[in-house]
Amino acid sequence: MSELARLRWKCRRGMLELDLLLRAFINGGYAQLDAAQRARFDQLLDYPDALLLEWLMGRIRPTDKDVVQLVDKIRAAAAP
Amino acid sequence: MEKRSFDTLIIGAGGGGLRAALQLSQAEARVAVVSKVFPTRSHTVAAQGGVNAALANVLPDNWHWHMFDTVKGSDYLGDQDAIEYMCRAAPRAVYELEHFGVPFSRLETGKIYQRAFGGQSRDFGGEQAVRTCAAADRTGHAILHSLYQQNIHARTHFFDEYFAMELVQNQDGYFLGAVAMNIADGEPILIEAKTTILATGGVGQLFRTNTNALVNTGDGMAMALRAGIPLQDMEFFQFHPTGIAGKGMLITEGARGEGGYLLNGDGERFMERYAPNAKDLASRDVVSRAIATEVREGRGVGPNRDHVLLKLDHLGADIVKKRLPGIRDMVMTFLHTDPADTPIPVYPTAHYTMGGIPTDRHGQVVVPVQQGAEEPVPGLYAVGECACVSVHGANRLGGNSLLDILVFGRAAANHVIEQLKEQRYHQPIPGDAADVALERLARWNRQGKGESIAALRAQLTKAMEDHCGVFRNEDVLQEGQQAVLALRERLQDAYIDDHSQVFNTARIEAMELENLVDTALATVSSALARRESRGAHSRIDYPERDDQQWLKHSLFSLEDLKMDYKPVRMKPLTVDSFPPKKRTY
Ligand SMILES: Cc1cc2nc3c(=O)[nH]c(=O)nc-3n(C[C@H](O)[C@H](O)[C@H](O)COP(=O)(O)OP(=O)(O)OC[C@H]3O[C@@H](n4cnc5c(N)ncnc54)[C@H](O)[C@@H]3O)c2cc1C
């Protein structure tokens with residue numbers, strides 16, 4: 001529980017785009033991740049906002065295959 | 001309660017806070033920076049366009065032309081001494097950034113790349129100037145990361161993920177630091193300081209549709225208000241006509257520049273009625289007000305008829321993909337539709353807070369004293385978007401806010417350095433100094449059933465959008481003020497369910513809502529009082545600028561919701577004053 005709480009605050013970013021995408025994901029798709037994926041999500045949040053934005057807007061594909069998967073899941077969680 | 005002591009406490013780690021911190025740390029002062037999010041996640045990262053300085057790398061330019069544009073852009077409400085100071089200091093501020101490691105884009109000559117932005121001219125209102133220095137489209141990111149690295153190097157002490165709750169002052173009104181809460185474990189801490197600098201950023205989250213990060217809840221402005229400091233010029237809020245409806249992200253003018261146009265719920269190209277010549281490319285405020293009017297009069301789109309459409313599909317997929325790739329990515333990500341096929345739902349989006357905590361050009365917070373001139377508040381400074389110095393007046397020019405945070409971050413720090421020389425010791429802190437903050441914390445730990453914070457916040461931001469957005473008149477604003485007052489009452493009866501101590505986001509959001517409500521009250525009350533149209537504040541019932549009565553700054557105090565006014569500083573430091581003229585572009 002406190003782990004989720006910590007990540008929820010870590011999803012507060014400097015850009016509205018990231019706030020909206022990450023908030024939707026932490027309240028939705030995150031629950032379905034396994035332990036390894038959750039750890040990867042935590043690591044993903046360590047990247048600077050400018051790079052996260054490029055990834056999450058689909059402008060640049062990350063090189064790591066696992067990160068690609070996670071990015072796709074976050075993008076899918078952005079409900080219109 | 002834990003207590004720590006520093007020479008200077010800086011609340012906020014955006015560009016403004018970090019620029020001040022660096023100057024102080026390099027001067028060997030003991031500096032603490034408190035930030036509710038990790039410093040490099042401050043909202044400054046979102047700035048893409050760039051920072052203005054008359055470097056003349058592309059075309060001839062000088063600071064005096066930059067000053068003219070800023071005064072005119074402010075609709076003559078900007079203080080001309082502060083504006084002269086900022087424009088003169090701009091080139092140095094940019095070269096300093098270069099020295100700190102900001103990777104500016106380059107021209108072929110090797111000089112810093114500059115781009116053209118709206119509102120910039122050569123020779124006092126002549127041809128377009130080229131004045132905005134950029135590091136690709138990541139200028140804010142580059143500035144924030146470079147300043148953070150420099151601060152680490154200079155040994156600035158960071159309290160990351162600490163939420164500042166209230167300022168601390170003694171009976172004589174001297175500011176002595178702040179009470180903050182460690183978000184990780186919920187523990188309060190008293191941070192004692194000889195001087196305190198507020199650098200908490202703007203309050204875009206006041207409006208349902210806005211471009212700002214969720215952290216921009218005006219905490220510093222609200223703390224100042226509660227400490228008895230009035231807020232200045234809060235009625236001036238910059239809106240952009242086309243944000244993605246219900247989400248806020250900006251769709252640049254470029255989309256309409258390429259031939260996109262707006263449609264209402266009847267499928268009508270309504271801008272033809274409001275601006276027969278310029279149509280969809282009319283000025284920002286005209287387009288914004290037209291959209292709000294269509295929606296108010298029931299001609300909106302969607303189940304709630306609360307937005308209009310921006311149509312691009314007639315341009316053809318090729319043009320949309322080639323010329324508007326950024327907009328297409330964003331719309332596809334958030335709406336799962338392709339603007340090459342489907343029109344985009346849009347509504348005016350709140351972008352920048354011109355008003356804030358009143359300061360002089362040294363960043364010292366100033367308040368009027370009885371009938372006399374204003375005086376500095378001992379121990380308290382403010383810089384950046386939370387402050388009103390006032391260089392933006394009634395309307396900010398693009399590229400001037402990054403400049404503002406750099407120039408006045410540095411200026412405030414230099415003033416503090418001088419003050420610290422005279423003040424070697426901390427003043428005693430009154431025993432009850434932290435009581436207000438602790439009571440506030442305890443209040444949100446109480447059990448009970450009541451209104452939900454999320455629902456109240458949604459109602460507040462909707463009320464502000466409908467009653468204090470781009471469509472303003474006496475009745476609408478009066479209703480807005482009543483709505484905000486009623487929500488403020490209801491907030492007294494709100495409870496949160498989560499009383500855990502570790503990263504309790506619910507409690508932070510409750511305190512952020514308290515801050516939003518107080519700044520909302522300042523904004524709507526100031527807008528109601530100002531019976532003229534100037535810059536970003538436009539009243540349907542008072543469509544003209546009225547220099548006779550209203551060439552003055554507003555000051556709103558929380559006590560009795562009192563409005564007060566003070567003159568605009570029309571006299572620059574060394575050059576002649578720019579007298580008010582009609583503002584045409
Ligand atoms: C999308 C977008 C694009 C922009 N582009 C440009 C541009 O191209 N050029 C330009 O000049 N301007 C631009 N601006 C405006 C500019 O980015 C901001 O005005 C500026 O970055 C504000 O900086 P700041 O240091 O005042 O505050 P911020 O960067 O907002 O930082 C505020 C800091 O205060 C902290 N804080 C707030 N409350 C608390 C609290 N209670 N406790 C502890 N810490 C707290 C936050 O954690 C953060 O560290 C843009 C704005 C937006 C929204």
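Reader: How far does a backbone N or O atom of B:Gly14 lie from an oxygen atom of the ligand?
Author: Quick heads-up: this is a predicted model, where local features need pLDDT of at least 70, side-chain atom pairs count only at pLDDT 80 or more, and totals for chains, interfaces and linings use all residues. Residues are numbered from 1 along each chain as its sequence is written, chains are lettered from A and ligands numbered from 1 in the order in which they are written, and side-chain values use heavy atoms, with hydrogens and water left out. For that B:Gly14 backbone atom, the distance is 3.5 Å.

Reader: Which residue puts a polar side-chain atom 2.8 Å from a nitrogen atom of the ligand?
Author: Don't mix it up with B:Gly50, which has a polar backbone atom 2.9 Å from a ligand nitrogen. The side-chain atom at 2.8 Å belongs to B:Asp219.

Reader: What percentage of the ligand's exposed area does the protein bury?
Author: Picture the ligand taken alone: it exposes 1000 Å², an accessible area found by the Shrake-Rupley method with a 1.4 Å probe (for residues, only the protein chains shown count as cover). Put the protein back, and the buried part is 95%.

Reader: Which element gives the most to the shell around the ligand?
Author: The shell has 36 residues, with B:Ser42 and B:Glu385 among those that come nearest; a residue is near if one of its heavy atoms lies within 4 Å. Elements are DSSP runs, numbered from the N terminus: helices (H or I, at least four residues) and strands (E, at least two). Those giving two or more residues include α1 (15-26) and β7 (162-169) of chain B. With four residues, the top giver is α11(B).

Reader: How many residues of that shell are polar?
Author: Ala, Val, Leu, Ile, Met, Phe, Trp, Tyr, Cys and Pro count as nonpolar, Asp, Glu, Lys and Arg as charged, and the others, Gly among them, as polar. The shell has twelve nonpolar and four charged residues, and its polar count is 20.

Reader: What area do chain A and chain B bury between them?
Author: The contact (heavy atoms within 4.5 Å) takes 31 residues from chain A and 35 from chain B. Buried area is the accessible area (1.4 Å probe) that two parts lose on being put together, summed over both. Here 63% of it is on carbon and sulfur atoms, and the total is about 2800 Å².

Reader: Which three residues supply 29% of the area that chain A buries against chain B?
Author: No other three residues supply more of that area. They are A:Trp9, A:Arg12 and A:Leu16.

Reader: How many salt bridges are there between chain A and chain B?
Author: A salt bridge is a side-chain nitrogen of Lys or Arg within 4 Å of a carboxyl oxygen of Asp or Glu. A:Arg12 turns up here as well, meeting B:Glu509 at 3.6 Å, N to O. Between the two chains, the count is three.

Reader: How far apart along helix α1 of chain A are A:Arg6 and A:Glu3?
Author: Their side chains meet in a salt bridge too, at 2.7 Å, N to O. They sit three residues apart in the helix, so their separation is about one helical turn.

Reader: Which peptide bond is cis, with omega near -10°?
Author: Look in the loop between β18 (387-388) and α11 of chain B, where B:Ser390 is found. The cis bond runs from B:Val389 to B:Ser390.

Methods
Polar contact = N/O pair within 3.5 Å; in protein donor to acceptor, adjacent residues only side chain to side chain.
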